[in-house]
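Reader: I would like a close look at one part of this model, the loops whose backbone geometry calls for care, and then at what surrounds them. Where would you begin?

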Amino acid sequence: MTAEQLISFARGAPSLDIIDVEGLKAAAARAFDADPAGVTAYGTSVGYVPLRKWIAEKHNVSADQVIVTNGSLQADAFLFNHLVQPGDDVVVEKPTYDRTLLSLQNLGAKVHQVTLRPDGIDVDELRGLLESGVRPKLAHIIPNYQNPAGITLSVEKRRALLALAAEYEFTIFEDDPYVDIRFRGDALPSMLSMDSDNLVVHASSFTKTVCPGVRVGYLVGPAALIDAIAKKATNLYISPGMVSEAIVHQFCVSGDIERSVATVSAALGERARVLADSLRKHIPAATFTEPDGGYFLWVDLPSDVDVDKLFPAAMKKGVAIVKGSDFLLEGGRSSVRLAFSAVTVDQIDEGVRRIAEAIEEVRG
């Protein structure tokens, strides 16, 4: 099977047709013209300083509260490695990003998954966990169009989480790379912006709004925490990539970022709607919550569908999916995550039709 024949719902990355290649080429030229010394030098471990300043202004914080990293996954890793020791309790959502689970397990953390509801993490379940004596070092929360579930955390639950963090003295790690890709409803305030007690560390990325290849993310938090992480970053790599960060800076200050966000959001909004319609048509027994933004839709299939069997059956039919069990410590055996970001509208219905055929095969 050739790559052209494969319809992939597997990876959360934008398709080439919605990436502003010309804008990035122009931003690269401007970056080298504007600051050839800064672009070509090692730089500092906190990242390209003008981009750091732009991010600080975006979040209404001081620049010493920001470190720019090689993607938001590295921001996650920096924070986890700094805060989490073997045996520490950590709260994550159920389901959650598979690499989060892997990173925390590799650090020896004791991971507690708390159920996701249609409006975000079950704060009553979390309170019960805390009242039982669990004292987490941090709670990892993906508040907007969560990966993998596509769920958005309500404002009420954002407030409730901040109150619990204050009461039980844990850090909220607001992992928010999808926030700008909203195609329904109104934007919600970040927990970082609602925090008056230094309870929140916030991460985001330009991967979803510019392109994955730039590998530029960032971490925002208390200045002392960022400084400690920056010292470790210096020892790890001296500095992240100045070229890509300078290109992103030029892309942002020119206003191209707003146009790119609008393009990506419009395209993914259409793809999400088509995917939902196709699921209702071809797999009527499936249940799912339509996302307000982002890249992902989580699908619960009938209980007699085993995704360990469905995955290879779907691949044989030329469609790639991700098993729900990858995002859970246990369970998810009849669930899948479908990423609609890299598939064009004309591929979606055909892809879902193939999945439906594969489901009938594994059930039969």
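Author: In this predicted model, a good place to begin is tyrosine 145, which at 1% relative accessibility counts as buried, because buried means under 20%. Tyrosine 145 sits in the loop between β6 and α7, and its phi is near 50°, a positive value in a residue other than glycine. The loop between β6 (138-141) and α7 (155-168) also holds proline 148, and the peptide bond that joins asparagine 147 to proline 148 is cis, with omega about 20°.

Another cis bond runs from lysine 94 to proline 95, where omega is near 10°. Proline 95 belongs to the loop between β3 (89-94) and α5 (98-106). A positive phi near 50° is also found at arginine 215, again a residue other than glycine, in the loop between β8 (200-205) and β9 (217-220). Arginine 215 is partly exposed, since its relative accessible area is 38% and partly exposed covers the range between 20% and 50%.

Further loops can be read through their contacts. Serine 190, in the loop between β7 (171-175) and α8 (191-194), has 16% relative accessibility and therefore counts as buried. Once neighbours within four places in sequence are left aside, serine 190 is in contact with Arg158, Glu174 and His202. Glycine 47 is 143 residues from serine 190 in sequence and, C-alpha to C-alpha, 23 Å from it in space.

Serine 341 lies in the loop between β14 (335-339) and α13 (345-363), and it counts as buried because its relative accessibility is 0%. Not counting residues up to four places away in sequence, serine 341 touches Arg11, Gly12, Ala13, Pro14, Ser15 and Ile18, and also Leu268, Arg271 and Tyr295.

Glycine 43, placed in the loop between α2 (36-40) and α3 (49-58), is partly exposed, with a relative accessible area of 36%. With residues up to four places away in sequence not counted, glycine 43 touches Ser239 and Met242. Valine 243 is 200 residues from glycine 43 in sequence, yet the two C-alpha atoms are 10.0 Å apart in space.

That valine leads on to the helices, for Val243 is one of the α10 residues that meet α1. Helix α1 (residues 21-34) and α10 pack at an angle of about 110°, with 8 Å between their axes, and are therefore roughly perpendicular to each other. On the α1 side the residues are Gly23, Leu24, Ala27, Ala28, Arg30, Ala31, Phe32 and Ala34, which meet Val243, Ala246, Ile247, Gln250 and Phe251 of α10. Sorted by class, this contact of α1 with α10 has ten nonpolar, two polar and one charged residues.

Helix α4 (residues 72-83) and helix α9 (residues 223-237) likewise pack at about 110°, with axes 10 Å apart, and so they too are roughly perpendicular to each other. From α4 come Gln74, Phe78, Leu79, Asn81, His82 and Leu83, while α9 brings Leu225, Ala228, Ile229, Lys232, Ala233, Leu236 and Tyr237. Nine of the residues in the contact of α4 with α9 are nonpolar, three are polar and one is charged.

In soluble globular proteins, nonpolar side chains tend to be buried together. Here the largest nonpolar core has 58 residues, of which Leu51, Ile121, Leu161, Ile172 and Phe206 touch the most other members. Helix α10 (residues 242-253) supplies the largest share of this core, six residues. Isoleucine 121, apart from its neighbours within four places in sequence, is in contact with Val91, Glu93, Val114, Thr115, Leu116, Ile141, Leu153, Lys157 and Leu161. Separate from this core lies another, of 40 residues, including Ile7, Phe183, Ile283 and Ala313.

As for the wider frame, an unreviewed UniProt entry carries the annotation "domain: Aminotransferase class I/classII large" over residues 7-355. Across residues 7-355 the chain is 44% helix and 16% strand, with the end C-alpha atoms 10 Å apart.

Key
Residues numbered from 1 in each chain as written. Predicted model: local features only at pLDDT ≥ 70, side-chain atom pairs only at ≥ 80, totals over all residues. Heavy atoms only, no water. Core = buried A, V, L, I, M, F, W, Y, C linked by side-chain atoms within 4.5 Å. Buried < 20%, exposed > 50% of the residue type's maximum accessible area, 1.4 Å probe, protein only. Helix = DSSP H or I, 4+ residues; strand = E, 2+ residues; numbered from the N terminus. Contact = heavy atoms within 4.5 Å. Axes fitted to C-alpha atoms, helices over the stretch in contact; angles between N-to-C directions. Parallel < 35°, antiparallel > 145°, perpendicular 65-115°, else oblique. Nonpolar A, V, L, I, M, F, W, Y, C, P; charged D, E, K, R; others polar. UniProt positions renumbered as here; feature names shortened; annotations may be inferred.
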